[in-house]
Amino acid sequence: IFFIYSLNGWAVTDGNKQSNDTGFILHTTNGGDNWVVQFLHPDDINVIQFTDVMTGYAGGGFGRAVFFRTTNGGINWDTTRPFGSNMYTILGLQFINKDTGWICSDDSFGGGVYRTTNGGINWEQQAPASNEPIKLFFTDSNTGWFIGKDTQGRLFKTTNSGVNWNLHTLFGTNLGNIYF
């Protein structure tokens with residue numbers, strides 16, 4: 001779920017190709033009192049974020065990662081599979097402006113942390129799949145964190161836009177999300 005301000009927000013749901021279920025992007029303009037289906041897709045939609053009321057991003061997948069982008073407040077969504085069949089699903093996503101953002105996946109083949117500087121058209125890998133990232137968060141264009149999927153609760157940090165990641169903390173237990 002993501003709110004750009006107190007009344008205007010979006011929520012996402014899982015889909016399931018095996019049972020022909022559908023993932024939804026839902027939208028509210030009255031603080032969550034009413035929701036409308038703004039978009040549907042036959043994949044899981046795991047994460048959503050808007051950088052302003054018009055520009056938003058979502059990610060998910062079921063078998064292959066899928067990335068969604070809107071530039072008109074969610075009326076239309078562009079759908080791409082930027083990683084082909086190399087990544088299973090997008091679990092974390094964060095954009096700091098309309099062009100620069102990161103996604104992550106714990107997929108052991110094509111996962112890791114990836115960055116875009118052109119709104120999701122191109123992506124570069126910044127952290128390997130072996131770190132099994134499940135959620136990430138950036139406070140500005142340089143400083144960010146991600147957590148790995150394991151029982152150790154690994155927290156990684158970057159201070160140079162994701163070029164280098166260092167193990168910052170071991171919590172000793174599973175972590176589910178991260179927010180600063």
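# Exercises on a predicted model

Leaving aside neighbours within four places in sequence, T173 is in contact with T151, Q152 and G153. The structure is a predicted model, and the exercises below start from this residue.

## Exercise 1. Place T173

Find where T173 sits, and decide whether T173 is buried, partly exposed or exposed.

Solution.
Step 1. T173 belongs to the segment after β16.
Step 2. The relative accessibility of T173 is 45%. Partly exposed covers the range between 20% and 50%, so T173 counts as partly exposed.
Step 3. For a view along the chain, take Q38, which is 135 residues away from T173. The C-alpha atoms of T173 and Q38 are separated by 37 Å.

## Exercise 2. Order the strands of an open sheet

Work out the strand order of the open sheet of four strands, and name its edge strands.

Solution.
Step 1. The order is β1-β2-β3-β4, and the pairing is antiparallel.
Step 2. An edge strand pairs on one side only; here these are β1 (2–3) and β4 (36–41).
Step 3. Now look at β2 (residues 9–12) and β3 (residues 23–28), which run antiparallel and are joined by four bridges. One residue to locate is V12, whose bridge partner in β3 is I25.

## Exercise 3. Describe strand β5 and its partner

State how β5 is connected to β6, and explain why β5 is described as largely enclosed.

Solution.
Step 1. Strand β5 spans residues 45–50, and strand β6 spans residues 56–61. The two strands run antiparallel, with five bridges between them.
Step 2. Together β5 and β6 make a hairpin, with five residues between the strands. Across this pair, Q49 stands opposite Y57 in β6.
Step 3. Of the six residues of β5, five are buried, so the strand is largely enclosed by the rest of the structure.

## Exercise 4. Follow two glutamines

Trace the contacts of Q49 and Q94, and find the backbone nitrogen that lies 2.6 Å from a side-chain polar atom of Q49.

Solution.
Step 1. Q49 is in strand β5. Its relative accessible area is 9%, so Q49 is buried.
Step 2. Not counting residues up to four places away in sequence, Q49 touches F2, G56, Y57, L93, Q94 and F95. The backbone nitrogen asked for is that of F95.
Step 3. Q94, one of the residues touched by Q49, is in strand β9. With a relative accessible area of 10%, Q94 is buried.
Step 4. Leaving aside neighbours within four places in sequence, the contacts of Q94 are Q49, G101, W102, L136, F137 and F138. A polar atom of the Q94 side chain lies 2.7 Å from the backbone nitrogen of F138.

## Exercise 5. Examine A58

Decide whether A58 is buried or exposed, and list what A58 touches.

Solution.
Step 1. A58 is in strand β6.
Step 2. The relative accessible area of A58 is 0%, so A58 is buried.
Step 3. Not counting residues up to four places away in sequence, A58 touches I25, I45, V47, I48, V66, F67, F68, W77 and L93.
Step 4. F137 is 79 residues from A58 along the chain, and the C-alpha atoms of this pair are separated by 15 Å.

## Exercise 6. Describe the largest pocket

Give the volume of the largest pocket, and say which elements contribute two or more residues to its lining.

Solution.
Step 1. The largest pocket holds about 400 Å³ of space.
Step 2. It is lined by 17 residues, and those closest to its centre are I1, V47, I48, L93 and N177.
Step 3. The elements that give two or more residues are β5, β9 (92–95) and β13 (133–138). Strand β5 gives the most, with four residues.
Step 4. Sorted by type, the lining has 11 nonpolar residues, five polar and one charged.

## Exercise 7. Compare two positive phi values

Most residues other than glycine have a negative phi. Give the place and the accessibility of E132 and S161.

Solution.
Step 1. E132 has a positive phi, near 50 degrees. E132 lies in the loop between β12 (124–127) and β13.
Step 2. At a relative accessible area of 26%, E132 is partly exposed.
Step 3. S161 also has a positive phi, near 65 degrees. S161 is in the loop between β15 (154–158) and β16 (166–170).
Step 4. The relative accessibility of S161 is 12%, so S161 counts as buried.

Definitions and conventions: Residues are numbered from 1 along each chain as its sequence is written. This is a predicted model: local features need pLDDT of at least 70, side-chain atom pairs count only at pLDDT 80 or more; totals for chains, interfaces and linings use all residues. Side-chain values use heavy atoms; hydrogens and water are left out. Two strands pair if DSSP finds at least two bridges between them. Buried means under 20% relative accessible area, exposed over 50%, partly exposed in between (1.4 Å probe, protein chains only). On a 1 Å grid over the protein atoms alone, a cavity is a set of points where a 1.4 Å probe fits but cannot get out, and a pocket is an open set with protein on both sides within 12 Å along at least five of seven lines; lining residues have an atom within 4 Å of a point. Grid points are joined across faces, edges and corners, and a volume is the space filled by probe spheres set on the points. Ala, Val, Leu, Ile, Met, Phe, Trp, Tyr, Cys and Pro count as nonpolar, Asp, Glu, Lys and Arg as charged, and the others, Gly among them, as polar. A polar contact is a pair of N or O atoms within 3.5 Å; within protein, one must be able to donate a hydrogen and the other to accept it, and residues adjacent in sequence count only if both atoms are side-chain atoms. Contact means heavy atoms within 4.5 Å.
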